[in-house]
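Biologist: Please take a close look at one part of this model, the shell around the ligand. I would like it set in the context of the chain.

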Amino acid sequence: MRLILLGPPGAGKGTQAQHLVAKYGLVQLSTGDMLRAAVKAGTPIGRQAQNIMAQGALVPDDVVVTIVEQRIDQPDARKGFILDGFPRTVPQAEALDRMLAKHGLALDAVIELKVDEAALIRRIESRIAEMTARGEALRPDDNPDVLRRRLEAYRSQTEPLIAYYRRRGVLRSVDGMAPITEVARQIEGVLANVADAPRSVNRSVKPKAKAGPKRNASHLGKKSKTRRRASRKRPVPKVRSKARSEAG
Ligand code: AMP
């Protein structure tokens, strides 16, 4: 399963990506996190990206494309991944298409978190104010002026990707202004309908428990029936489960 989460800064892409990591065991590839790590480590890429990021502008396409290409070649990403913050420009999207084609892979869905920009600015400004009041460390690009520049960069350089992916038939939109759990529910609904639907790794029955006759007998209540109905809908045979998880 290969997904892109698309939306302006502060739309909740990172939060939703983490939820998908926990639920489906997918790998989150956040270019923002990778670049911040490079800045912290003082690598050549980090030194090149540092000021650009602090100003709220976009790091050059070739730099980001290179780090993503290296990252998706790692063994843990072969099963599938969620791209969070990449691509951010049409040339990046085209580079991603080429990368995936080279490996015979395709995108399963591009999920757009639709948000109201004015509400987003208010939401982020109040988060920054709260963090400042609590004395918590802010990111260098966590300030209202830089945020406005990041939103401008999103509008002019990233928003065209919505049409780009809509034309390819992979765009799905969810209401990013809804409460976090509701957004997560909407995304799960989208994923249930894609061809290569991911399987939850967060089963309601503890994975170690053996389902012997005694255990079934002790679970004849309403809850148990619901569980058994759910498992009839989506059977999880052991052998297929491994094959699917490897296919991603
Ligand atoms: P994020 O954490 O995704 O909001 O990214 C933080 C900053 O990293 C952005 O404001 C950009 O300066 C830079 N960045 C992250 N991803 C990309 C990308 N795909 N293309 C260019 N710059 C990026």
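**The ligand shell and its setting**

Modeller: Of the 248 residues in the chain, 27% are buried, that is, with 20 or more other C-beta atoms, placed from the backbone, within 10 Å of their own. The model is predicted: local features need pLDDT of at least 70, side-chain atom pairs count only at pLDDT 80 or more, and totals for chains, interfaces and linings use all residues. Numbering runs from 1 along each chain as its sequence is written.

The shell holds 17 residues, of which Thr31, Gly32, Leu58, Val59 and Gly85 come nearest to the ligand; a residue belongs there if its C-beta atom, placed from the backbone, lies within 6 Å of the molecule. By class, nine are nonpolar, five polar and three charged. Nonpolar means Ala, Val, Leu, Ile, Met, Phe, Trp, Tyr, Cys or Pro, charged means Asp, Glu, Lys or Arg, and the others, including Gly, are polar.

The chain has 12 helices and five strands, taken as DSSP runs (H or I, at least four residues; E, at least two) and numbered from the N terminus. Helices H2 (31-41) and H3 (44-55) each supply at least two shell residues, and H2 gives the most, three.

Elsewhere, the largest nonpolar core has 35 residues, and Leu3, Leu5, Ile82, Leu83 and Ile111 touch the most other members. Such a core is a set of buried Ala, Val, Leu, Ile, Met, Phe, Trp, Tyr and Cys residues joined through C-beta atoms within 7 Å. A second, separate core of five residues includes Met34, Leu35, Ala38 and Ala49.

Notes:
Buried ≥ 20, exposed ≤ 12 C-beta atoms within 10 Å, placed from the backbone.
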